[in-house]
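Here is a short report on one structure. Look at the model first, then read on.

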Amino acid sequence: MRKHFWLHLLLVLVGIVTGSMVMEITAGVAWLDWLSFGLDFGTAAPFVLDLHVLTLTFGAAVNITVAHVIFVVLAILLGRLILQD
C-alpha cells in the first residue's frame with residue numbers, strides 16, 4: 001500500500017473531480033438527479049481570530065454526494081486493476 005500511495009491519492013482525487021462533474025451535469029436530468037443527492041457538513045461559519053496585526057480564518061466544509069462515492073470507488077478499483085501484477 002505504501003509503495004503506491006501517490007497513485008492511490010491521484011486516483012481518489014480524479015474520482016472526486018469526475019464525480020463532481022457528473023453531479024453538475026446530471027443535476028437537471030430528471031432520472032439522474034439522484035446522483036446529486038448528498039450531505040453537507042462542516043462549520044456553518046468560519047472561525048475568525050483577529051489579532052489586529054494578523055487575521056486568521058479557520059473553516060471547513062465537506063460535500064459528499066452519491067456521484068462522488070461511485071466515482072471514488074471506481075477509481076480505486078481501476079487502481080487495483082492497473083497495479084495487478
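Where does H52 lie? H52 sits in the loop that links β2 (47-50) to β3 (55-58). The model is predicted.

**The loop residue H52**

Most residues other than glycine have a negative phi. H52 is not a glycine, yet its phi is positive, at about 65°. Its relative accessibility is 76%, over the 50% cut-off, so H52 counts as exposed.

**Strand β1 and its partner**

Strand β1 covers residues 38-42. None of its five residues is buried, so the strand lies largely in the open. β1 runs antiparallel to strand β4 (residues 61-65), and five bridges join the two. Within this pairing, D40 stands opposite N63 of β4.

**The nonpolar patch**

A nonpolar patch of about 890 Å² lies on the surface. W34, L39, F41, V62, I64, V69, I70, V73, L74 and L77 make it up. Three elements each give two or more residues to this patch: β1, β4 and α2 (66-82). α2 provides the largest share, with five residues.

W34 is also one of the patch residues. W34 belongs to the loop between α1 (5-26) and β1. Its relative accessible area is 44%, which lies between the 20% and 50% cut-offs, so W34 is partly exposed.

The two loop residues are set out below.

| Residue | Loop | Relative accessibility | Class |
|---|---|---|---|
| H52 | β2 to β3 | 76% | exposed |
| W34 | α1 to β1 | 44% | partly exposed |

Methods
Residues numbered from 1 in each chain as written. Predicted model: local features only at pLDDT ≥ 70, side-chain atom pairs only at ≥ 80, totals over all residues. Heavy atoms only, no water. Helix = DSSP H or I, 4+ residues; strand = E, 2+ residues; numbered from the N terminus. Buried < 20%, exposed > 50% of the residue type's maximum accessible area, 1.4 Å probe, protein only. Pairing = 2+ DSSP bridges. Patch = residues over 30% accessible without salt bridge, like charges linked within 9 Å, V, L, I, M, F, W, Y side chains within 5 Å. Areas by Shrake-Rupley, 256 points an atom, 1.4 Å probe, with all protein chains shown as cover. Salt bridge = Lys/Arg side-chain N within 4 Å of Asp/Glu carboxyl O.
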